[in-house]
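Student: I have a structure open and would like to go through it piece by piece. Can you take some quick questions?
Tutor: Go ahead.

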Number of protein chains: 2
Amino acid sequence: MLHIIRTAQEMQAHALRQRLAGKRLGFVPTMGCLHEGHLSLVRAARRDCDVVVVSIFVNPLQFGPREDLAGYPRTLADDLARLLEVSADVVFAPAEGSLYPAGFATFVEVTGLTEGLCGARRPGHFRGVATVVCKLFNLVQPQRAYFGEKDYQQLQVIRRMVADLNLPLEVVGMPTLRQTDGLAMSSRNRYLSGAERQAATALWRSLEAARRAVAAGEHDALAVRRRVTETLRAEPLARLDYVEVCHPETLRPVAVLDGPTLIALAAYVGQARLIDNLVVCPASVDTPDAQGRTEAAASSSRQD
Amino acid sequence: MLHIIRTAQEMQAHALRQRLAGKRLGFVPTMGCLHEGHLSLVRAARRDCDVVVVSIFVNPLQFGPREDLAGYPRTLADDLARLLEVSADVVFAPAEGSLYPAGFATFVEVTGLTEGLCGARRPGHFRGVATVVCKLFNLVQPQRAYFGEKDYQQLQVIRRMVADLNLPLEVVGMPTLRQTDGLAMSSRNRYLSGAERQAATALWRSLEAARRAVAAGEHDALAVRRRVTETLRAEPLARLDYVEVCHPETLRPVAVLDGPTLIALAAYVGQARLIDNLVVCPASVDTPDAQGRTEAAASSSRQD
C-alpha cells in the first residue's frame, strides 16, 4: 500500500510516529520523472529499512532564472505506478507553498565543495539543493538517505552538510545506472530527440576514452581533459559545458593523476544539459601495494 | 545527578536513546558563565520536560575578529554547581574540535531578519549563531528549546530558522531577567568595573524613558530614538552603538508607532558591549478594540 502525503506537517507527524515506534526509515529524495536509477535507490532502501519514503518535489530553489524549471518533466501518475511496483511505503509530494511559505528566509550553504564543476556554472544551485534536502531530512526523519553517484558533486555536498550539521542519518551513494550504450539515466534524457539521443552517448564515450588513456599510463590532467574534449568535439550535436579532473573528495582540480581521480563533465545536447562522471585510477598506483590505499580512499568517501 | 557529555557523538547517541524511550527533551543552549537569566530557562525546561539538557559552548563562529572571544568569561565549575541546584540532567560541554572538526564548511544563513540591529554591526554573527544552534538542535534532539528575550533578534532568527528548516521542535522565548536597578542580566556584565556597573543602568533607563514617552502619546519613531539617545548621552561612561525602533516580528525600522513596537539598542560601557530591548505599545492602540489586535500580534510571535 502506497501512502501519499501532500503537506510538510503531515509528513513530519507521520515520520515522528514511525521513529517513536522504533521503525527504521529509508529516504529517497527525487524530483520525480522516475527512471531505473531512482528505482535502484528505492530497492536499496527497501532492503535496508522498515519504512521507505520517496519525495517528489521539483525544487524551484535549485534552478537558475534561465534554467528548465518550467519545462522540467512532471509525470506523477507514472511515478506512483512505478513506486507501487518497488513497494515504497510513502510518497511525499508537497506543493511548493508547503515547503516555501511566504516569509521563507533560511538557506544552507556548503562552501568549498560547491565552488567548482556545476557549482561554478549554476550559481545558487547547491544552496538550493542543500536547503531543500536539509528540510526534507527534518521532515522525513530518515536513518538512511539514498543518492545516485550520477550527481557526484551533489552527493559530496550532501555528505558534507550531514556531517557538518550533525544530521543523525547515513548518506548512501549508489552507482550510476546506464543504458546499454552507456548513457547515464537521467530525467533530462526525455528532452532528447532521436538524433540527440544518439549524440548524447558522446558523454560516456568521452569518459571511457579518458579512462582508457589513464589506464594506458596517462597521468597529466590536461591531457586527460583533452581526450574528453576531442571526443565530444567529434559529435556535432553536443557542446561541452565543462570537463574537470579533480580529487574525488575535495573536488579540487588536480594537475597530475596520482590516485583515484574524478573526471566530471557537463554538456548540452539540444536543449538538454546533461552531466556524467567517472572515478578513474592511474595504472601505476593500481599495484598490489597501492591497491590498499585506493580502497581506503574509496571507502572513506562513504560515511558511516 | 548531572551527566556531563563532552563529545558530539556521545550527545547525539544519548539524545536518540531518550527520544526512542519516549522522553520529552528540553534544551537550553548557553555560552556558560550562567546567571539567573539562564537558570530561569532551565527551570522552565525542568517544568515542561522529562530530560533537561544545557549546552555550554563559547561558539567561535559567532564572534568577529575584533570581538571578545578570547576574553569571554569561562566559569565551568560554577556553572555545573548552579545546574546541579536547578536539577538539570545533562550538560553538553564539547571541545571546539568536536563541533568544528577540520574540513567543516556548512553554514546556515537566515536572511532579512539579520540585516539590521546587531546583524548590521556584527557581520557573520547570526550566521554563526544559526549554524551552531542548528547543529546543537540536531545533536540534542529537543522537543522544546528555551531562549531569553534579552537577545531579541537572536530569538527571532532562531524561530525563523526552525520554521524554515522544518526542525521538529518548539522555540520558547522567556522574559529578560533584570537586576533591581533594571540592568539586564548578562554574562558580559562581568566586564564592568564598579563605576561602569552604575553607568550600565543607562541602557534600561533610556528604554524606560522611551516607554514613558510612548505611553504619553509619542508616535514618532525619530522622537522615540532621540529620547534614548539623550538619556544615554547623559551618561559619560556609556557610548551608544545603535538604537532602532522596529516592527517586533520583521525587525524592519518603523517611522510611526502604530502597534506593538520593538526598541532595541546596543551600547559600550568600558570594554563591554551590552544590549537591551523593550516592546512598547502606543497609548492610542491600547484601547479595548485594539487590544485584541495587540494580543494577536504578541501571541503570533510565539510559534507552536
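Student: Which helix is A:Ser98 found in?
Tutor: A:Ser98 belongs to helix α4 of chain A, residues 96-99. Keep in mind that this is a predicted model.

Student: Is A:Ser98 buried, exposed or partly exposed?
Tutor: Partly exposed, because 18 other C-beta atoms lie within 10 Å, and a buried residue would need 20 or more.

Student: What does A:Ser98 touch, leaving out residues up to four places away in sequence?
Tutor: A:Thr7 and A:Ala8.

Student: And how far is A:Ser98 from A:Pro260?
Tutor: Their C-alpha atoms are separated by 42 Å, and the two residues are 162 apart along the chain.

Student: Now the interface. How many residues of chain A are in contact with chain B?
Tutor: 26 residues of chain A, in contact with 26 residues of chain B. The elements of chain A giving two or more residues to that side are α1 (8-20), β5 (106-110), α6 (125-140) and α7 (152-164).

Student: Which element gives the most?
Tutor: β5(A), with 5 residues. As for composition, the chain A side divides into 15 nonpolar, 7 polar and 4 charged residues.

Student: What does β5(A) pair with over there?
Tutor: Strand β5 of chain B, residues 106-110. The two run antiparallel and are joined by 5 bridges. In that pairing A:Thr106 stands opposite B:Val110.

Student: How are the two copies related?
Tutor: A turn of 180° with a shift of 0.0 Å along the axis lays chain A on chain B, at an RMSD of 0.0 Å. The copies are therefore related as by a two-fold rotation axis.

Student: Which C-alpha of chain A is nearest the axis?
Tutor: That of A:Val108, 2.3 Å from the axis. The same surface serves both copies, as 100% of the contact residues of chain A recur in chain B.

Student: Back to α1 of chain A. Is A:Leu20, in that helix, buried or exposed?
Tutor: A:Leu20 counts as exposed, because it has 12 C-beta neighbours inside 10 Å and the cut-off for exposed is 12 or fewer. From A:Leu20 to A:Thr131 the C-alpha distance is 26 Å, with their positions 111 residues apart in sequence.

Student: Different topic: in what order do the strands of the open sheet in chain A run?
Tutor: The order is β8-β9-β10, 3 strands with antiparallel pairing. β8 (238-246) and β10 (272-280) are at the edges; each has a single partner strand, so one side of each is left without a neighbour in the sheet.

Student: How far are neighbouring strands turned against each other?
Tutor: By 15° on average, direction ignored.

Student: How many bridges join β9 to β10 in chain A?
Tutor: 9, with β9 covering residues 261-269. A:Ile263 stands opposite A:Leu278 in β10(A).

Student: Which helix packs on that sheet?
Tutor: α9 of chain A, residues 201-215, which touches β8, β9 and β10 of chain A. The direction of α9 makes about 20° with that of β10(A).

Student: Last one. Where does pLDDT stay under 50 in chain A?
Tutor: Over residues 287-304, for which the model has 19 contacts beyond four places in sequence. Where pLDDT is low, the predicted coordinates should not be read in detail. Chain A averages a pLDDT of 94, and 93% of the residues score at least 70.

Student: What ipTM does the predictor give the complex?
Tutor: 0.92, along with a pTM of 0.93.

How values were computed. Residues numbered from 1 in each chain as written. Chains lettered and ligands numbered in written order. Predicted model: local features only at pLDDT ≥ 70, side-chain atom pairs only at ≥ 80, totals over all residues. Contact = placed C-beta atoms within 7 Å. Helix = DSSP H or I, 4+ residues; strand = E, 2+ residues; numbered from the N terminus. Nonpolar A, V, L, I, M, F, W, Y, C, P; charged D, E, K, R; others polar. Pairing = 2+ DSSP bridges. Axes fitted to C-alpha atoms, helices over the stretch in contact; angles between N-to-C directions. Least-squares fit on C-alpha atoms with pLDDT ≥ 70 in both. pLDDT = per-residue confidence, 0-100.
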